[in-house]
Amino acid sequence: MHERAEALRTAGAGIYIYENGLRVLEALGAYEAAVKGAPFAHTREVRDGNDRLISTHRWVGSRVFSIVRQNVINALAAAAARADVEIVTNSAAVAATPGGELILANGQRLPADLIVGADGSNSRLRDSLGLLAKRKYLVDGCTRLLMEKTAAERAAADGATTIEYWSGTRRVLYTPCSETDIYIALTMLDTDTAAKAVPVRKDDWKRAFPHIEALIDRIGEQGRYDRFDVIKLKRWSAGRVAIVGDAAHALPPNIGQGGGCAMMNALSLAVYLERENDVASALAAWERNERPLTEHTQRVSYFLGLPTTWPPAVRALTLGMIGRSKWLIAQRTRTALHRPTGT
Ligand SMILES: Cc1cc2nc3c(=O)[nH]c(=O)nc-3n(C[C@H](O)[C@H](O)[C@H](O)COP(=O)(O)OP(=O)(O)OC[C@H]3O[C@@H](n4cnc5c(N)ncnc54)[C@H](O)[C@@H]3O)c2cc1C
């Protein structure tokens with residue numbers, strides 16, 4: 001595995017992993033280490049600008065954990081090491097050929113039976129093969145950070161209620177994600193330069209959310225802003241190169257399934273390679289069987305982001321309806337409740 005950074009690190013603070021992703025972690029032997037100390041995120045509340053409850057969603061009968069991302073990366077890296085994977089850091093790839101050659105930034109050309117491009121939404125491997133069909137930047141983006149729990153938060157040991165506070169086009173998502181950490185995601189329009197500034201401009205956020213001033217005051221200097229996008233490929237592979245994760249199908253985080261889809265599609269790729277006689281038929285069966293669920297997830301996630309720019313009253317009505325409609329809940333939770341191939 002070639003990683004361009006000097007270590008396996010993530011800047012994304014926390015992550016929700018639902019039943020589908022947890023099953024993949026189990027299949028890889030990375031589950032226990034990944035969820036250690038992470039709270040079971042059983043309830044999610046949505047609140048309006050006056051702190052009134054708009055909707056509540058309870059996860060009953062399936063698991064969802066909010067986890068510090070680095071713990072997931074470490075658990076996956078440990079599982080990879082147990083499987084004798086060689087992890088090469090400071091090693092950037094610049095291109096791949098359909099014939100199965102990986103070209104590194106240092107000029108090395110490495111032959112492979114199959115190259116898996118998992119190099120994120122700005123994927124150089126994907127672009128070197130001309131596979132991109134569509135990349136749509138969305139109107140909004142998000143700054144993510146961690147903060148230390150207070151003594152009261154540490155004492156609350158009943159799992160985790162996550163709360164999404166809305167004010168105008170801004171959102172604050174509050175998520176306990178370990179014994180010691182709170183994960184905060186600040187979502188705003190990409191044009192809202194004051195809101196997306198890092199370090200976070202706390203006075204500006206406090207004006208928008210006076211009822212959670214004390215929480216905003218606890219934000220430190222760190223944080224990372226990312227604009228949301230949706231990516232679609234002409235095909236998920238070209239010859240001896242498969243593309244997985246955000247490189248193939250980035251989606252906005254409105255149902256927390258970008259990582260879930262990445263993990264499902266990576267594991268199922270291995271399953272099809274084992275089942276089929278040759279790489280070409282494995283890649284064809286993989287995309288034919290797995291792509292529809294990923295595209296459903298992209299659609300649902302995209303539509304759930306649309307109310308961001310609607311007038312607050314209409315948005316509150318819509319979010320309330322989304323929280324109550326059985327059909328909409330089924331659409332939203334289909335990916336989380338899917339039993340991934342290979343699990
Ligand atoms: C605000 C926000 C919240 C989110 N919340 C959730 C959530 O709660 N649950 C969830 O499941 N998903 C969530 N996601 C989505 C999730 O973060 C992504 O879908 C997931 O990280 C994609 O993983 P990936 O491995 O495909 O890409 P990345 O995480 O981008 O990893 C790509 C890796 O490749 C390396 N790399 C890049 N280019 C090269 C190169 N040329 N050569 C070598 N290495 C390279 C990078 O350094 C990096 O390590 C969220 C996303 C955002 C923006």
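These legends walk through several close-up views of one predicted model. In this predicted model, local features need pLDDT of at least 70 and side-chain atom pairs count only at pLDDT 80 or more, while totals for chains, interfaces and linings use all residues. Residues are numbered from 1 along each chain as its sequence is written, and side-chain values use heavy atoms, with hydrogens and water left out.

**View 1. The ligand and the shell of residues around it.** Let's start with the ligand, which 24 residues surround; a residue belongs here if one of its heavy atoms lies within 4 Å of the ligand. The closest are Glu3, Arg69, Ala93, Asp246 and Gly259. By class, nine residues of the shell are nonpolar, nine are polar and six are charged. Here nonpolar covers Ala, Val, Leu, Ile, Met, Phe, Trp, Tyr, Cys and Pro, charged covers Asp, Glu, Lys and Arg, and polar covers the others, Gly among them. Which helix gives the most to the shell? Look for H10, with three residues. Strand E1 (14-18), strand E9 (132-148) and helix H10 (258-275) each supply at least two. Helices (H or I, at least four residues) and strands (E, at least two) are DSSP runs, numbered from the N terminus.

**View 2. Polar atoms facing the ligand.** A polar side-chain atom of Arg69 lies 2.9 Å from an oxygen atom of the ligand. For Tyr16, a backbone N or O atom lies 2.9 Å from a ligand oxygen atom. Ala93 also takes part through its backbone, where a polar atom is 2.9 Å from a nitrogen atom of the ligand. The protein covers 79% of the 1,000 Å² of accessible area that the ligand has on its own; accessible areas come from the Shrake-Rupley method with a 1.4 Å probe, and for residues only the protein chains shown count as cover.

**View 3. Tyr272 and its neighbours.** Tyr272 is found in helix H10. Is Tyr272 buried or exposed? Tyr272 is buried, with a relative accessible area of 5%; buried means under 20%, exposed over 50%, and partly exposed in between (1.4 Å probe, protein chains only). Leaving aside residues up to four places away in sequence, Tyr272 touches Ala282, Ala285, Trp286, Asn289, Glu290 and Thr341, where contact means heavy atoms within 4.5 Å. The side chains of Tyr272 and Glu290 are joined by a polar contact of 3.1 Å. Such a contact is a pair of N or O atoms within 3.5 Å; within protein, one must be able to donate a hydrogen and the other to accept it, and residues adjacent in sequence count only if both atoms are side-chain atoms.

**View 4. Two cysteines without a bond.** How many disulfides does a search of the whole structure find? Zero, with a disulfide being a pair of cysteine sulfur atoms within 2.5 Å. The sulfur of Cys177 is 13 Å from the closest cysteine sulfur, in Cys142, so they are too far for a bond. Cys142 counts as buried at 6% relative accessibility, and Cys177 counts as buried at 1%.

**View 5. Backbone details in the loops.** Val198 and Pro199 are joined by a cis peptide bond, with omega about 0°. Pro199 sits in the loop between helix H6 (193-196) and helix H7 (202-208). Asp51 has a positive phi near 65° and is partly exposed, with a relative accessible area of 29%. Phi of Asp84 is near 65°, and Asp84 is exposed at 70%.
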